[in-house]
Amino acid sequence: MAVLLPQRRRLVLLCLFSAALWEAGVGQMHYSVTEEIDKGSFVGNLSKDLGLEPLMLTERGVRIVFRGRTQLFALNPRSGSLVTAGRIDREELCAQSTRCLVNFNILLEDKLTIYSVEVEITDINDNAPRFGVEELELKISETNTPGFRIPLKNAHDADVGENTLQKYELSPNDHFSLEVRSGADGNKYPELVLERALDREEEAAHHLVLMALDGGNPVRSGTSRIRVMVLDANDNAPVFTQPGYHVSVPENMPIGTRILTVTATDADEGYNGQVAYFQEKTPGKSSEVFELKSASGDITIIKSLDYEDAKCHEIDIEAQDGPGLLTRTKVFVTVLDVNDNAPEFYMTTATSTISEDSPPGTVIALFNVHDRDSGQNAFITCSLPENLPFKLERSVDNYHRLVTTRALDREQFSSYDITVTAKDGGNPSLFMDTHVLLQVADINDNPPTFFHTSYAAYIPENNPRGTSIISVKAHDPDSDENAHVIYSLTEYTLQGAPLSSYISINSDTGVLYALCSFDYEQFRELQLWVTAQDSGKPPLSSNVSLSLFVLDENDNTPEILYPALPTDGSTGVELAPRSAEPGYLVTKVVAVDRDSGQNAWLSYRLLKASEPGLFAVGLHTGEVRTARALLDRDALKQSLVVAVQDHGQPPLSATVTLTVAVADSIPDVLADLNSLEPSADSDTSYLTLYLVVAVAAVSCVFLAFVIVLLALRLLRWHRSRLLQASGAKFAGAPASHFVGVDGVQAFLQTYSHEVSLTADSRKSHLIFPQPNYADTLISQESCEKKDFLSAPQSLLEDKGEELFPQQAPPNTDWRFSQAQRPGTSGSQNGDETGTWPNNQFDTEMLQAMILASASEAADGSSTLGGGAGTMGLSARYGPQFTLQHVPDYRQNVYIPGSNATLTNAAGKRDGKAPAGGNGNKKKSGKKEKK
């Protein structure tokens with residue numbers, strides 16, 4: 001219609017429909033569109049009516065929702081207009097209805113808002129009137145007088161309004177005219193009127209053309225040919241018993257059921273009175289649903305009725321007698337609704353996952369329920385099973401929202417299979433179920449929980465490092481990362497050290513390990529806090545206390561407190577008068593054990609005595625008493641060895657040597673004290689002699705090796721000077737080919753030793769230092785340490801290196817400044833780029849000083865020819881070159897079989913504690929008696 005109507009008329013129609021839409025209010029919109037327009041034709045400005053910009057329609061999720069039919073309209077996302085989705089045939093949609101309305105909904109998905117839209121399909125003149133038969137044969141008796149009327153087959157026009165059938169026209173003739181009668185249903189029925197008496201002998205048949213015209217622009221028409229046969233004396237047409245028939249039939253009536261019998265009578269007799277019934281073939285479905293028996297007038301059902309498809313049927317029936325006179329009537333069949341359709345679900349939108357912290361009222365799904373029945377049969381009630389945290393909220397046009405009623409807990413129910421039941425109001429009622437599967441997404445709302453409120457673990461002391469102590473477990477009811485538990489220990493300081501240096505925990509398994517060997521005597525109990533933290537965001541954690549008890553083992557020998565071992569080299573003496581009676585308390589051995597329990601129970605016994613049977617030791621008290629009276633023949637000095645043993649498994653023991661002087665008075669004891677001094681051991685004296693001889697031999701070999709090394713170095717230096725003078729390509733020789741002062745010093749430092757002897761040969765000192773490979777020279781310009789000449793590298797070069805014809809140019813980075821360069825005065829002027837030493841004189845002087853220094857190396861307390869730590873070089877090369885450039889790494893060595901005290905002469909001079917040596921300290925197998 002938008003194509004055919006003038007532009008002005010279209011504007012007027014749009015204005016009228018816009019005004020109607022404004023009056024309808026919010027929630028429902030009305031539009032109008034003509035049928036048969038092209039796909040994509042404009043229907044209405046939807047974005048304007050919704051109050052949205054065209055581009056907002058897509059963002060707001062605006063879409064069209066149809067119910068159970070082909071989608072007739074679409075949404076233009078660019079313009080925001082409602083357009084046609086295809087060709088629309090009004091007659092196919094609404095048949096002969098005066099108004100053809102199409103209803104659907106507009107859904108805004110962001111807010112789940114529903115708008116009702118009603119579009120009226122206006123008719124255009126696209127159908128021409130059509131007759132049921134193309135050729136009609138009429139038989140008229142010649143006895144009929146003018147004015148005799150013969151009903152004709154009427155035409156049908158599928159259009160409505162002005163476009164439907166408007167008038168009939170009859171072709172010009174001399175005997176008949178046409179009159180149109182309007183029926184009660186509004187249709188126009190043509191009748192052929194006899195204007196002049198017929199004369200069969202003059203003309204036996206008349207051929208006419210009946211034309212049906214509609215009111216469209218342009219006008220459409222349909223024709224039917226009429227052949228009028230003139231008969232004799234049949235002047236009565238059949239007459240129906242009723243002008244119209246009405247019958248109501250339920251839609252579930254079975255096929256073949258007779259619903260009605262029409263009856264018509266004819267006053268004529270014989271052949272002229274024989275009536276036959278005919279069903280008029282009209283466009284539509286009624287002729288396909290019902291069948292008319294021509295002889296009896298019975299109307300039967302030949303196709304199932306469907307109330308939802310057609311609520312009413314009209315049947316045009318003709319009764320015709322033998323000669324051909326006929327009359328017409330209508331049968332109105334009303335289809336009664338039967339509850340034969342269950343409700344239908346149309347799920348508009350639904351979510352499959354919801355977070356467990358979603359607030360009450362969260363929308364899970366939006367759906368529409370429709371029942372094709374009518375009346376009470378179409379009244380739908382939706383319900384949910386009980387004891388579910390959901391409810392249904394009814395919206396417009398049978399839309400329902402499924403929303404939550406309370407907070408969800410994934411740990412209680414991780415998923416829901418929600419059954420929504422829709423039940424109609426029929427009798428019996430029909431219902432339909434739909435299922436909404438909902439997964440509850442986890443959030444980190446549960447901290448890890450330990451299986452016990454507290455833990456206690458036991459570990460024996462002296463355990464190996466890495467020993468597994470206990471495993472703690474915590475459970476987190478959450479899922480995935482929220483349930484991944486990480487274990488840790490609360491850090492604190494234990495006896496000056498962090499807890500992590502004692503105990504560690506596996507962060508994944510919760511197993512605690514000992515990082516050190518525990519000592520029961522150091523601490524007996526540890527209080528720990530184990531933290532279990534999940535991996536959620538934010539993480540949650542919980543703590544549990546762990547008491548770790550260290551179990552005692554018998555790992556401590558008894559410690560003798562009295563008599564205490566003397567520290568000045570003297571021997572303690574206990575006095576026993578010769579007049580002592582048996583049981584006289586001479587002394588008491590006092591001992592303790594750092595262990596506990598049975599491991600600390602001590603018992604005393606006399607292990608060895610110079611005079612057996614003279615003294616006795618209390619088993620539990622440690623008291624040394626005389627066992628008998630002292631005799632004159634008993635020696636003045638009595639030596640007792642007392643053993644103290646604990647009761648551990650295995651038992652540990654310690655011994656102490658007691659010297660008991662038997663005398664009546666103190667002067668007697670003082671007179672004989674010299675006899676108590678231990679005699680010198682000849683074997684020890686011989687051992688000291690052997691050591692002195694060995695040291696002298698090593699020193700001689702060392703000096704010989706140094707002399708050979710210096711000779712080789714000087715020879716190489718001399719050759720390099722000759723090569724340097726021969727040509728430009730031998731301009732310089734690397735400094736690494738010469739033995740610097742620090743290199744020699746490092747070599748001496750590597751092999752130097754110190755021997756110190758005291759008056760008592762058993763307290764001699766013998767020290768062998770470790771090699772030193774960190775020899776450096778300090779430059780005043782850079783103040784950086786540069787390792788450029790080490791003794792081991794020089795040795796390697798001396799043993800296998802040969803002179804090559806061409807040497808690389810010298811590296812100027814190690815050169816000394818004028819103040820630092822060694823020479824005859826420490827500040828001589830020379831070539832800044834020359835090699836060092838500068839001349840033959842300096843070389844000879846250096847060699848002599850090295851030899852003198854080597855000879856002094858035998859004396860461990862010597863300063864090697866100069867001030868402290870100068871190695872005798874400061875006087876020759878200035879105060880800048882001292883032993884501070886070469887660190888001293890000498891260490892003490894213990895000599896087995898002697899009582900040598902481990903010292904470091906250099907360390908004592910520097911005020912430093914002696915460093916540990918490379919050798920292992922071994923204790924003598926003999927116990928010293930004091």
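Which residues does Ile469 touch, not counting residues up to four places away in sequence? In this predicted model, select Ile469 and display its surroundings: the residues in contact are Ala457, Ile459, Ile503, Leu512, Tyr513, Ala514 and Leu548.

Next, extend the selection to the largest nonpolar core, which has 31 residues. Ile469 is among the residues that touch the most other members, together with Phe450, Ile503, Leu512, Phe518 and Leu526. Colour the elements that each give two or more residues to this core: strand 35 (454–460), strand 36 (468–471), strand 38 (485–489), strand 41 (503–505), strand 42 (511–514), strand 43 (525–534) and strand 44 (541–551). In soluble globular proteins, nonpolar side chains tend to be buried together.

From these, isolate strand 38. Val485, Tyr487 and Leu489 form its covered face, whereas Ile486 and Ser488 form the uncovered one. Such alternation of side chains between the two faces of the sheet is a feature of a regular strand. Now add strand 43, which pairs with strand 38 in the antiparallel sense over five bridges. To locate one position in this pairing, select Ile486 and its bridge partner in strand 43, Gln533.

Then move to a second, separate core of 26 residues; Leu52, Leu72, Val102 and Phe104 are included in this core.

Finally, select the open sheet of three strands, ordered 2-5-4 with antiparallel pairing. Strand 2 (42–45) and strand 4 (73–75) stand at the edges; each has a single partner strand, so one side of each lacks a neighbour in the sheet. On average, neighbouring strands here are turned by 25 degrees against each other, direction ignored. Strand 2 is joined to strand 5 (residues 81–84) by three bridges, and Gly44 has Leu82 as its bridge partner in strand 5.

Notes
Residues are numbered from 1 along each chain as its sequence is written. This is a predicted model: local features need pLDDT of at least 70, side-chain atom pairs count only at pLDDT 80 or more; totals for chains, interfaces and linings use all residues. Side-chain values use heavy atoms; hydrogens and water are left out. A nonpolar core is a set of buried Ala, Val, Leu, Ile, Met, Phe, Trp, Tyr and Cys residues joined through side-chain atoms within 4.5 Å. Buried means under 20% relative accessible area, exposed over 50%, partly exposed in between (1.4 Å probe, protein chains only). Helices (H or I, at least four residues) and strands (E, at least two) are DSSP runs, numbered from the N terminus. Contact means heavy atoms within 4.5 Å. Two strands pair if DSSP finds at least two bridges between them. Axes are lines fitted to C-alpha atoms, for helices over the stretch in contact, and angles run from 0 to 180 degrees between N-to-C directions.
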